[in-house]
Amino acid sequence: MMVDKMAERGDITSDDISTLTNALRQCKLDGVATEVEKIFRENTSQTDLTKPETNLQGRDEQKAMRQWEEHGNALSTLLQATEVLGRKFELPTPTGSRTDTSAERHRERKEVEQELLHLRSSSFEAIDTTEAFIHENSAYLSAQQHSETRHRIRELRKQLEDLTNQLLKLRAATPPQVEAVQPIDLNCVTIEATDSKEKHQSIIDQLKEASDRGSPIRMLILDTTFKTIHGNGNITLSSGVLLPFISTLAVLVVWTKKERVLCEAEFSGLLKYGSESTRIQEYTFQYCDLPSLTGTSSREVLKELQERGAKVKWVNTTHCLNTSSGFWEMDNIDGIRENCTLGVVMYEHWRKESYALQINKLQFASENKIPIRLVNLNRCYSSITSDGSNIILQSGQSLPAMSSVKIINITTEDGRLIPEDEFARLLDYANQSQAIKDLRFQECELPPTVSASTISSEIKSKNFKVSWLTTGHRLNLHDRTWQIDDMDTIRESCGAGVLIFKQCSSHMHTLQMHLLTVASQNNIPIAFISLRMSYRAVDATTGSIILESGVMLPRLSSLSELGINASGSELTEEDVNGLMDYSRQCSKLNFFWCFPPWSVSTHARPHSKRQVHWDPEDKDVFTLDSASSRWVNEETRMALTEREYQDMLIRFRLKWK
C-alpha cells in the first residue's frame, strides 16, 4: 500500500496522494478521495510535500523558514486527511441490526481503518522529522518562531493522539463479520481448536439437525478441542461451547495436546458418551495418556461397551481396551507394523503403565524384525546404564536396546549437559541396532570435544549420523569434530525453530550462531528464534544481540519470528528500541513473561507489517498498535491505560521477586 512507502520514508508527495485516492476509489470511497484531493490542493500550490533538508549550515533564514512553512503544510494535509478517514470510519451499523452481516461493508471498514492507522503513523514520523529540523536549524529561527512552531507541534501531536484513541474505541465497538455457514460433511466432521466459538456452535447446530433427521454421521474428530466431560454425558469444548449427545454418530475420535493426561473418571466419562445409543461402535484416542479401567465405577462402562460391541483404540500405543478386564492389549501385528513405520513417541509425565505398553510394543517389533523408523524420547530420558544396554526413563523403567530401530531422537529438558562418558554410552546403545542410521539430540548440550576412546572402530565402520539438531551440527566420527550438517538438516533445524538457553556454554552458542548464519546466507527460512533467558542487550554499534554468554547473535535476513523469554525481567526503553530495530525484517516480535515500557517511543515504533505481541503471563495478551505505540488488549481491543499497566507491574513484581 501507499502508506507503507510513506511509513518507510517518513514523507508524503503528490504521487502518494494520487495512489491513496485511487485506492480509496477502488474501495468505493469516492467522497473521501475527493476530499483528500481538495485538502491537498488547498495546502500545496506549488511544491510536493517533503520533509525538510537538515544540516542547513550556510543557508539563510528566509530559505530555512520557507522550507519549514512547506513542511507545516504537509503536516496539516496529513492531519486533515486522517480526520476525513476518521469520519468515514464512523458510519453507523444499519439500524435494527446488532451485527453487520454485509461482507462488503465489513471489508470497506477494515480497509479504511488500515489506511487511517498507517496515515497517522506517517503523520507522527513527519512531526518527529520536523522537530529534528527545528533543533538542527535553531540559529535561523527567532525565539517567537521557536515558540510558535513548538506550540503547533504540540497541538498536532495532541490532536493525533486524540484521533488515535477515538479509533481504538471505534475498533472495540465494531461488530464482527458473521462467517458464512459452511455445510459439514457427515462422512467426517472435525471441530478444530483454531476455529472460532461461532464456528464451533455452527458445526454443533448442524450435527444436531442431522441427528434429529436420523442422518448417519460416520465420524466426529475433536482436534485438541476436548476440555471436559459432564456427568450427563455432554462434552465442553475448549471454546466453552457444549457438545450434546449426537445419537447417529458411529465413531468418536479424540485428539488431545501431547502432554494431556486423562484420569480414569474423564476416560470412562468419554466412553459413556453415546451410551444411550447402539450407533457408536468405536472410540479412538491419540496423543493423550490413558489409564486402564480397573475402578469400581468403571465396571458399568465396560459392561455397556461389551453390550454394544464397541471398540476403544489408543492409536499412539497401538493397543485396544479389553472390555472384559479393563486392561490394554496389543493390537494385531499389522497395526503394530503400521505404527512402527510412522514412529513411536514417549512423552514426559506419562503413567508407568503407558511407558510399559510402548516398551512392550518396541520389544515385540524388535524381536519380530519389524522395522522401527523412529523412537522419539520427548523429555522422558533420564540416564543410561553403565554398560550402555538400557536407557532409563524418568519413570525409572528401562528401555532395552532395539535391533531394528533406524532413528533414535533424545530431547532433554532445556539446556541439560550430557557429559562425555554418558555420551559415549549412548553411542554404544545406538550401535546395538543393526538398522541404525541416525542418533539425534535436541535441547541438550553435548561435549565440545570427543576423545578417541569414545568412538569404537565398530561405530566408525557403521558410520551412522550423530546429529545435534539444536545446533545443526553432526559429529564427524573419524576426526571427532562437530561440523555443520548438510542443507537438509539445516533446513530441518531452522524450520523447527532455534532455542537458545541461558545455561548453555559459549561453545554451544557459537555453533548455533554458525548454523543461523549459514541458513541466512543461503536464504533458508528460520521459523523462529527463542531466547530463553539468554538475552543480555543489543549492541549499539552493530545492532547484534548480545547473549548472556557474551556471544553475538547477528542480524539474520531469513528470520521470521523473534521471541524474548525473559522470566521476571523488566525491559528498558533502550532494550525495546534495540530489539525493534533488530527484528525489523521479521513478521513477529514476541515478549514473554517480561515487562516492557507502557508506551513505546517514536524510534521504537514497529514496522507496519510486523506484529508485536506481549504475554506478561497475566490474564491478558497484548498487541502493540502501530499508530499510537500503545499496547492493545487482543481480546477487548482496548488500549492499556497507565493505571492498568501499573497494577499489572505490581502483580508482576510480586510474582517474580
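F226 of β3 has L237 in β4 as its bridge partner. The two strands, β3 and β4, pair in the antiparallel sense over 3 bridges. This is a predicted model. The points below cover two open sheets, two helix pairs and two pockets.

**Sheet β3-β4-β5**

- The strands β3, β4 and β5 form an open sheet of 3 strands in that order, with antiparallel pairing.
- β3 (226-229) and β5 (242-243) are at the edges, and each has a single partner strand, so one side of each is left without a neighbour in the sheet.
- The hairpin of β3 and β4 has 5 residues between the strands. Within this hairpin, G233 takes a positive phi near 95 degrees.
- Strand β4 (residues 235-237) also pairs with β5, in the antiparallel sense and over 2 bridges.
- I235 has L243 of β5 as its bridge partner.
- In a regular strand, side chains alternate between the two faces of the sheet.

**Sheet β23-β24-β25 and helix α16**

- A further open sheet of 3 strands runs in the order β23-β24-β25, with antiparallel pairing.
- Its edge strands are β23 (535-538) and β25 (552-553), and each of them pairs on one side only.
- Strand β24 (residues 545-547) is joined to β25 by 2 bridges, and these strands run antiparallel.
- I546 has M552 in β25 as its bridge partner.
- Helix α16 (residues 573-582) lies across β23, β24 and β25. Relative to β23, α16 runs at about 80 degrees.

**Helix pair α10 and α11**

- Two packed helices are described by the angle between their axes and the distance between the axes.
- α10 packs with helix α11 (residues 352-367) at an angle of about 95 degrees, and their axes are 11 Å apart.
- Angles of 65 to 115 degrees count as roughly perpendicular, so α10 is roughly perpendicular to α11.
- From α10, the contact takes I333, I336, N339 and C340. From α11, it takes K361, F364 and A365.
- By class, the residues of the contact of α10 with α11 are 5 nonpolar, 1 polar and 1 charged.

**Helix pair α14 and α15**

- The axes of helix α14 (residues 487-495) and helix α15 (residues 506-521) come within 10 Å of each other. They cross at roughly 105 degrees.
- That crossing makes α14 roughly perpendicular to α15.
- On the α14 side, M487, I490, S493 and C494 make the contact. On the α15 side, L515, V518 and A519 do so.
- The contact of α14 with α15 has 6 nonpolar residues, 1 polar residue and no charged residues.

**Largest pocket**

- The largest pocket holds about 590 Å³ of space.
- Its lining has 25 residues. Nearest the centre of the largest pocket lie W314, V315, N316, T318 and N339.
- N339 is also among the α10 residues in the contact with α11.
- At least two lining residues come from each of β7 (282-286), β8 (311-314), β9 (319-321), α10 (333-342) and β11 (344-347).
- The lining of the largest pocket divides into 10 nonpolar, 9 polar and 6 charged residues.

**Second largest pocket**

- About 480 Å³ of space lies in the second largest pocket.
- The second largest pocket is lined by 18 residues. The closest to its centre are K258, V345, Y347, N376 and N378.
- β11, β12 (372-378), β16 (405-417) and β17 (438-445) each supply at least two residues of this lining.
- β12 gives the most to the lining of the second largest pocket, with 4 residues.
- The classes in this lining are 6 nonpolar, 6 polar and 6 charged residues.
- β11 supplies at least two lining residues to the largest pocket, and β11 also supplies at least two to the second largest pocket.

Key. Residues numbered from 1 in each chain as written. Predicted model: local features only at pLDDT ≥ 70, side-chain atom pairs only at ≥ 80, totals over all residues. Heavy atoms only, no water. Pairing = 2+ DSSP bridges. Contact = heavy atoms within 4.5 Å. Axes fitted to C-alpha atoms, helices over the stretch in contact; angles between N-to-C directions. Parallel < 35°, antiparallel > 145°, perpendicular 65-115°, else oblique. Nonpolar A, V, L, I, M, F, W, Y, C, P; charged D, E, K, R; others polar. 1 Å grid on protein atoms, 1.4 Å probe; cavity = no way out; pocket = protein on both sides within 12 Å on 5 of 7 lines; lining within 4 Å. Points joined across faces, edges and corners; volume = space filled by probe spheres on them.
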